[in-house]
Each structure stands twice: as C-alpha cells, then as structure tokens.
Amino acid sequence: MSRSDLMPIGAFARRTGLTSSALRFYADSGLLPPAEVDPVTGYRYYATAQVERARALRRLREIAMPLAGVEAVLDAGPEEAARLLDAHLARIEGDAVTARQKAAAVRSALGGDRAGLLIATVKGPVLADAVEQVLTATAHEPGMAVLGGLHIEAGGEALALTATDRYRLSTRTLAPARPAEQSWSGTVDGDDLRAVAPEVRCTPLVRVEAVPHGIWLRLPGREDRRCRTLPEQFPDHRQLLASLGEVTTRATVPKEPLLRALEEHPGDHVTLRVSGHEVTVRPPDDQHPGATVAATVRGEPLEIRFATTTLYPALSTAIGPDVMLDLRGHDQPVTLRSADRGDLTTLAMPVAPEHPV
C-alpha cells in the first residue's frame, strides 16, 4: 500500500464522521483496525479503502445496532446484511411498541388516564378491518409524518377514516353503534393503530375517546390502548373528492383475476385498457399482448397508465369478489369501490399526476 493511500486519524475522522476517540475504540474492538500504526510514535493511519466501511459502521451505530450486530452486517454479503438489518429494525419497532404500552400504564397510574371525549363506539372487528384497509394508502416519507397517519373525522352518525400517500387515497365510513358526543377530527399515528389492530379485532365493542395528543381505545376485558395523534395538517382530501369529474367509463371486474394479471407483469408500470366486455392489463412497452379479464363495462373505451405500486394495493383493499372502477379520463384519478361495500373507496392516481393529493 502506497503512503499516498494513507491518512492520519484526524483526517480519517473528518471524512467518515467518526470522532478520533470512536475510531480508537473501534480499532481496539477489532471492528475497524487502522491500516498501519507507526511503531515509534504509535500514530494510526487509515486507508482510503476503509472509508466506506467506517461510514457504514457509523450509520449502523446511529440506529442503535450493538457491536456484534455491526460486525455481522459489515462482514456479510448483501442479502444476509439486508436480513440482519430487517431483524434489527423489527426488534426496535417491537421495543417501541412495548415502551409506548408501558408509558400508557404509567400515565394511567399517575392519574393521566381520565376519560376523554367520546368519538364513537364501534364494533371491534369492523373497526380493525377498516383501519387495516385504509392504512394501505399510507407512506413513510421523511419530513412528512402525516402521510403515515390515519385521519379520523367523527360527527353525526358517521365515523370517516382516510389515508393518503399523495398518489393513492383510501377512505371508509363507518356507522358507529354510538355516535360522537360532538364533532372531532384528528390524524392518528398509523404504526400505533397497526400495533393495536389485532386486539381491537378480538373486542366486540370498542369505545374510542379523544384526549390531548392522542386517542384511547377502550377494550372491555383487555388493557386499554392509547394511540398518538400527529400535529401536522392532513392533506385537503375533501377538495380532491369534490373536484372529481363525471364518470365516463365504469367497469365491474372480478378482483382476484385482475390482481393475478398485475402480478404477471411485475414491472414498475402497467397500462389498463377498459373496453367492450373486458379489462386488459399490459406492460407499457406494448411488446406483449397482456392479460385480459372479463368485465361488465359501460361507457367509452379508455386506456390509463399506473405505477404498479399504486394500482395493486388499491385493488387489494377491495372487499368481496368484485371491484368497481370509475374512470374519468386517462389523466384523472380512478375511483375503486368494493362492489358490495360502498363505504370503502380508494382513489388511484395515474402515472405522473399533475396534482397529487
């Protein structure tokens, strides 16, 4: 190794974002030994080729990975490293859920578990289904936590649940067994709701109460659960819904064959052609005939292009064997409805939408 490839510990620290003391620690632990140590002065020198390993080490420590785990990831191949990372993240998420549950118990013991404003009393299985269906339209985007939340609007005789990642929008309206004491709206953390959904599903009747910075799910016979609310403003989905144009083409199509047709074309984009008595799914390159599914179609023939990651989840949330597609043009949002459940509606935006939600 030439001398020009080496740098002193201070320069290496600046390039990698690690402090000199951290580098000494990682050298002593065997994770990142210096390329050369001067036998007279004891000065440590690092090679340019070690920069990426050092940066990866720093990032792994930033997500609280223990030293043994860091060493395993750094020395593993790409697939094994990805598996180890996923396992570590799953442990972190599980620990976070446990910590929130314990914090809720402490809050209750300190007298912070006072009854809140009644949002609604809802059948547990119905609420759990609605939460899981609508949350398919969420996204985890840095700096926009609200896109990972579920917006709840309670008032009158309805409880509306809505989520959007700006390219999909899913909404479902429930008729509660007992309505809200007064109108309320807020955006609830989606990960909190996912964590409690299994217990909600096993509870015949759930009382939902709003409290400062969160909601309580009162589960008779089980431990009550608290979910956080997000402070950011939810996107103005009502404006989008109100601005939808007139439906020009309507197709009722079996859900499972249409999902299989999408699975056969796992590319980033697909083109949906609705005409005659069928819906055809084909790749955008037109080099293959595509897969055709029989359908009941009313209105004009129409082609519309989607990102697969937008269309597939929107279709998969539909309840029952059939899904109804309401189309308004090649560049307009498509409404997907469960043919036998009009209270679940999903909007899918075509490729390159001009106006995300």
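This tour visits a four-stranded sheet, the two helices that lie across it, and a separate helix pair.

The structure is a predicted model, in which local features need pLDDT of at least 70 and side-chain atom pairs count only at pLDDT 80 or more, while totals for chains, interfaces and linings use all residues. Residues are numbered from 1 along each chain as its sequence is written, and side-chain values use heavy atoms, with hydrogens and water left out.

**The sheet**

Begin by selecting residues 117–123 and 225–228, which are β4 and β11, the edge strands, each pairing on one side only. Strands (E, at least two residues) and helices (H or I, at least four) are DSSP runs numbered from the N terminus. Add β9 (residues 205–211) and β10 (214–218) to complete an open sheet of 4 strands in the order β4-β9-β10-β11, with antiparallel pairing. Two strands pair if DSSP finds at least two bridges between them. From one strand to the next, the twist averages 25 degrees.

Now keep β4 and β9 in view: these antiparallel strands are joined by 6 bridges. Lys 123 stands opposite Leu 205 in β9.

**The helices across the sheet**

Select residues 124–134, helix α6. This helix lies across β4 and β9 and runs at about 100 degrees to β4. Angles run from 0 to 180 degrees between N-to-C directions, and axes are lines fitted to C-alpha atoms, for helices over the stretch in contact.

Next, select residues 190–201, helix α7. Helix α7 lies across β9, β10 and β11, at about 155 degrees to β11.

With both helices displayed, their axes come within 8 Å and cross at roughly 150 degrees. That makes α6 roughly antiparallel to α7 (over 145 degrees; under 35 is roughly parallel, 65 to 115 roughly perpendicular and the rest oblique). Show side chains where α6 meets α7: the α6 residues include Leu 127, Ala 128 and Val 131, and those of α7 include Leu 193 and Ala 197. Contact means heavy atoms within 4.5 Å. By class, this contact has 7 nonpolar, 1 polar and 3 charged residues (Ala, Val, Leu, Ile, Met, Phe, Trp, Tyr, Cys and Pro are nonpolar; Asp, Glu, Lys and Arg charged; the others, Gly among them, polar).

**A second helix pair**

Finally, select residues 51–62 (α3) and 67–75 (α4), which pack at about 140 degrees with axes 10 Å apart. The two helices are therefore oblique to each other. Among the residues that meet are Leu 57 and Leu 60 in α3, with Val 70 and Leu 74 in α4. The contact of α3 with α4 comprises 7 nonpolar, no polar and 3 charged residues.
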